[in-house]
Amino acid sequence: MDQSNEEVPVLVGYEGYLDGQRWMLHSTLLIGRDANCDVPILNRQVSRRHARLTRASEGVLLEDLGSKNGTHRNGKSVSGTVLLKDGDVIQIALAQKFVYLSADATLPLDFEESSGFLKTEDRRLRIDKRSRRVWVTDKEILPPLSVSQYRLLAALYQNNGQIIAREKLVEEVWGEEDAIGVSEQALDALVRRLRDRLASIDPGHSYVVTVRGHGLRLDNPER
């Protein structure tokens, strides 16, 4: 079977010495302290065979292999096997975190946006939607944006220069059902964190602009 166009899940390391490293998940990935593991973590808190990711018909499964210091998904301890979702955060003991992405980037970075904007190569901020990777002035944001930060940025990115109402952004980030309980302060805090991440690479430009009384817009100029 030709797998050249197959969407392959990927594991991205962050908040540890594996920051920014990526592993393609074609079948299984064994994580542990043993140097022969697919993803070796040379830390005494990590068991020799700590956890395993397995690609199955229903998706990608995360399994804790009876580790001493535990495996967590989104802050919750993993017991047995769990099905991963795009954007899940996996923590191995206290040694290393990973982000699971359902598919790695396979499109060229200069593909045309369906919205009709300039090619991504002509903008200072670029997003690869399939892998959720973000570049600012040709520097990739690492560790990756959190799920909520990425959703906020993606909503603005798809409507570059247009004002998006705060209520709409809350729905985009938290989902329509959960949006009712989200406070103004929660959105403001998220916007501040996103601005800080963007400013860490390009402090001279404010990408996320507040339009008082209306909402937010993305100022993503040509390079």
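**Charged residues and salt bridges in the predicted model**

D64 is found in strand 6, which spans residues 59-64. In this predicted model, the D64 side chain is buried yet takes part in no salt bridge, and the nearest side chain of opposite charge, that of R52, is 10 Å away. A polar contact is nevertheless present, since the side chain of D64 meets the side chain of T71 at 2.6 Å.

A search of the whole structure finds nine salt bridges. One of them involves R52, which pairs with E63, the closest N and O atoms being 3.1 Å apart. This pair links distant parts of the chain, with R52 in strand 5 (residues 51-56) and E63 in strand 6, eleven residues apart. R52 is partly exposed, with a relative accessible area of 25%, and E63 is likewise partly exposed, with a relative accessible area of 25%.

A salt bridge is also formed between the side chains of R73 and D88, with an N to O distance of 3.7 Å. R73 lies in strand 7 (residues 71-73), whereas D88 lies in the loop between strand 9 (81-83) and strand 10 (89-92), so the pair ties together parts that are 15 residues apart in sequence. The two partners are covered to unlike degrees: R73 counts as partly exposed at 24% relative accessibility, while D88, at 6%, counts as buried because the cut-off for that class is under 20%.

Within helix 2, E172 forms a salt bridge with K168, the closest N and O atoms being 3.4 Å apart. Both residues lie in this helix, four residues apart, which is about one turn of the helix. E172 is partly exposed at 39% relative accessibility, and K168 is partly exposed as well, with a relative accessible area of 42%. Elsewhere, R22, R133 and E140 are joined into one network by salt bridges that share partners.

Charge is also displayed on the surface, where E167, E171, E176, E177 and D178 form a negative patch. Of these residues, E177 is placed in the loop between helix 2 (166-174) and helix 3 (184-199), and E177 is exposed, with a relative accessible area of 74%.

A further exposed charged residue is K76, which lies in strand 8 (residues 76-77) and has a relative accessibility of 64%. The C-alpha atoms of K76 and I90 are separated by 9.4 Å, although the two residues are 14 residues apart along the chain.

Terms used: Residues numbered from 1 in each chain as written. Predicted model: local features only at pLDDT ≥ 70, side-chain atom pairs only at ≥ 80, totals over all residues. Heavy atoms only, no water. Patch = residues over 30% accessible without salt bridge, like charges linked within 9 Å, V, L, I, M, F, W, Y side chains within 5 Å. Areas by Shrake-Rupley, 256 points an atom, 1.4 Å probe, with all protein chains shown as cover. Salt bridge = Lys/Arg side-chain N within 4 Å of Asp/Glu carboxyl O. Lys, Arg positive; Asp, Glu negative; His and termini not counted. Charge placed at Lys NZ, Arg CZ, Asp CG, Glu CD. Helix = DSSP H or I, 4+ residues; strand = E, 2+ residues; numbered from the N terminus. Buried < 20%, exposed > 50% of the residue type's maximum accessible area, 1.4 Å probe, protein only. Polar contact = N/O pair within 3.5 Å; in protein donor to acceptor, adjacent residues only side chain to side chain.
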